[in-house]
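Trainee: Could we take a close look at just one part of this chain? I'd like to begin with one small stretch and see what surrounds it.

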Amino acid sequence: MAYEILKKYAPNATQKLIDEMADGKITQNQLSTISSNLTVEMLKNMNVNITAGKLQQIANDLYGVLGENYELVGECYAQIQNRIYAAEKLEMQATKAEMSKKRVERIAERLKIATESLAKVIVEKDVSSMSRQAYGDSVKVNTDQASEAGLKTYIVRTLGSGKNCEWCRDLAGKYEYGVDVRSGDDVFRRHDNCNCTIECVCEKATQKNSNKASYQIDKSEAKELEKQQLNTESPQAEAAEKSALDEIFGLTEDGESGIINLVSSNGIQINSNSWHLINESMSNRNIELADIKDALINTLHCKEVKIDEKGRFSQQLIGENATVVINPETGNIITAWKTGTNTVKKYKK
């Protein structure tokens, strides 16, 4: 593959990866770093093109540029993993992660109708997160494959240089795959502007065990909220973000979303959505709008209101297909996730 569309937006980093792949000695740490640099270069050039009035072209190129990103990063990671298999004398080939077509389509559709200022927000958040995930997904699918092949596998997440967010600090560490973490856990994810490195370490083993305390992300408890609660840095940032959200979903009194001004089963009027709801819950976790509305209206169970150490209120509304977290004081939807099967059985009558 020539990676022509990817080179259009990130020529330097793309060529660097191609050269490293040709050399045949690229490491996971190098790939993690270069793929992050590729995202930064891509965003910079996209913003230049947005300013130059080429927004429609970016929207049209999005599937190609992100698809080639996944392909190139996947090829590089497969080369790394195949060296591991060869060293362990395993007759198998690495696999490549598949990009979420549905998520790209959602981002592209929003870009097509966005203003210049909103488009830059979408690029900095959604496109950035999607691009960075090409590496995380490559680690994830190959870790799963290596584990199934009988290798004892560990995920090592290391903080990048500079200031790191609380979410990343909580996730940094070494975890045994299948014991401490699973394929869907947040340890594989990298948010926009994240510079953490994620590596898979493999070794032969006859049995799998770990002395490290078990690490499980329990999405029904407050830790999920502590990681994902919207916490803008300033009133100006909060206002800009809300404006962007309103424009994306047409959140007026008769808004397209059907969520704004909706009154939940426990009497809370919904006034706003967070970026996390859109970027993470509705994109990464494939939560549908209908599932969120159903959880708000046809709630199976409503948990007690919680207040964190920063004085922020939250309350979980558990639905059959999604669990939604709202701030009962402001009416803001903070985040959502798929409701687990056992949780549905527990509360469904």
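Mentor: Sure, and one definition first: a strand here is a DSSP run of E with at least two residues, and strands are numbered from the N terminus. Also keep in mind that this is a predicted model.

Let's start at Gly-173, which sits in strand β2, residues 173-176. Is Gly-173 buried, exposed or partly exposed? Its relative accessible area is 22%, so Gly-173 counts as partly exposed. The cut-offs make that clear: buried means under 20%, exposed means over 50%, and partly exposed is in between.

What does Gly-173 touch, once neighbours within four places in sequence are left aside? The answer is Ile-155, Val-156 and Arg-157. Take Arg-157: along the chain it is 16 residues from Gly-173, but the C-alpha atoms of the two are separated by 5.3 Å. Now look at Lys-174. It lies over the face of Tyr-154, 4.5 Å from the ring centre.

Keep Ile-155 in view, because it takes us on to a helix: Ile-155 is also touched by Thr-143, as are Thr-153, Tyr-177, Phe-188 and Cys-200, again not counting residues up to four places away in sequence. Thr-143 belongs to helix α6. Its relative accessibility is 0%, so Thr-143 counts as buried. What does its side chain do there? A polar atom of the Thr-143 side chain lies 2.6 Å from the backbone oxygen of Val-139.

Stay on α6 a little longer and find the rings. How many aromatic pairs does the structure hold? It holds one. The partners are Tyr-77 and Tyr-135, placed edge-to-face, with 6.0 Å from centre to centre and 75° between the planes. Tyr-77 is in helix α4 and Tyr-135 is in helix α6, so the pair joins distant parts of the chain, 58 residues apart. Tyr-77 has a relative accessible area of 0%, so it is buried. Tyr-135 is at 1% relative accessibility, so it counts as buried too.

Now zoom out to the nonpolar side chains. In soluble globular proteins, nonpolar side chains tend to be buried together. In this model, the largest nonpolar core has 57 residues, and the members that touch the most others are Met-42, Leu-62 and Leu-111. Which elements give two or more residues to this core? They are α1 (4-9), α2 (11-23), α3 (28-51), α4 (55-87), α5 (101-112), α6 (116-148), β1 (151-158) and β3 (197-204). The biggest share comes from α4, with 15 residues. For a feel of how one member is surrounded, pick Leu-111. Beyond its neighbours within four places in sequence, Leu-111 is in contact with Leu-55, Ile-58, Ala-59, Leu-62, Ala-119, Ile-122 and Val-123. There is also a second, separate core of 14 residues, and Ile-270, Ile-292, Leu-296 and Ile-326 are among them.

Two spots further along the chain are good practice for the same kind of reading. Gly-319 lies in the loop between β7 (313-318) and β8 (322-327). At 0% relative accessibility, Gly-319 counts as buried. Residues up to four places away aside, Gly-319 touches Ala-295, Leu-300 and Thr-339. Measure it against Lys-338 on your screen: 19 residues apart in sequence, and 8.9 Å apart from C-alpha to C-alpha. Asn-332 is in strand β9, residues 332-338, and it is buried, with a relative accessible area of 12%. Asn-332 and Asn-271 are 61 residues apart in sequence, yet their C-alpha atoms are 5.8 Å apart in space.

One oddity waits back at the beginning of the chain. Most residues other than glycine have a negative phi. Tyr-3 is not a glycine, but its phi is positive, at about 55°. Tyr-3 lies in the segment before α1 and is buried, with a relative accessible area of 5%.

Finally, the whole picture. The chain has 12 helices and nine strands, and 51% of its 349 residues count as buried. Take the contacts with a separation of 6 or more: residues 24 or more positions apart account for 70% of those. The accessible surface comes to about 16,200 Å², and 48% of it belongs to carbon and sulfur atoms.

Definitions and conventions
Residues numbered from 1 in each chain as written. Predicted model: local features only at pLDDT ≥ 70, side-chain atom pairs only at ≥ 80, totals over all residues. Heavy atoms only, no water. Core = buried A, V, L, I, M, F, W, Y, C linked by side-chain atoms within 4.5 Å. Buried < 20%, exposed > 50% of the residue type's maximum accessible area, 1.4 Å probe, protein only. Helix = DSSP H or I, 4+ residues; strand = E, 2+ residues; numbered from the N terminus. Contact = heavy atoms within 4.5 Å. Phe/Tyr/Trp six-rings, centres within 6.5 Å; stacked < 30°, edge-to-face > 60°. Lys NZ or Arg CZ within 6 Å of the ring centre and 35° of its normal. Areas by Shrake-Rupley, 256 points an atom, 1.4 Å probe, with all protein chains shown as cover. Polar contact = N/O pair within 3.5 Å; in protein donor to acceptor, adjacent residues only side chain to side chain.
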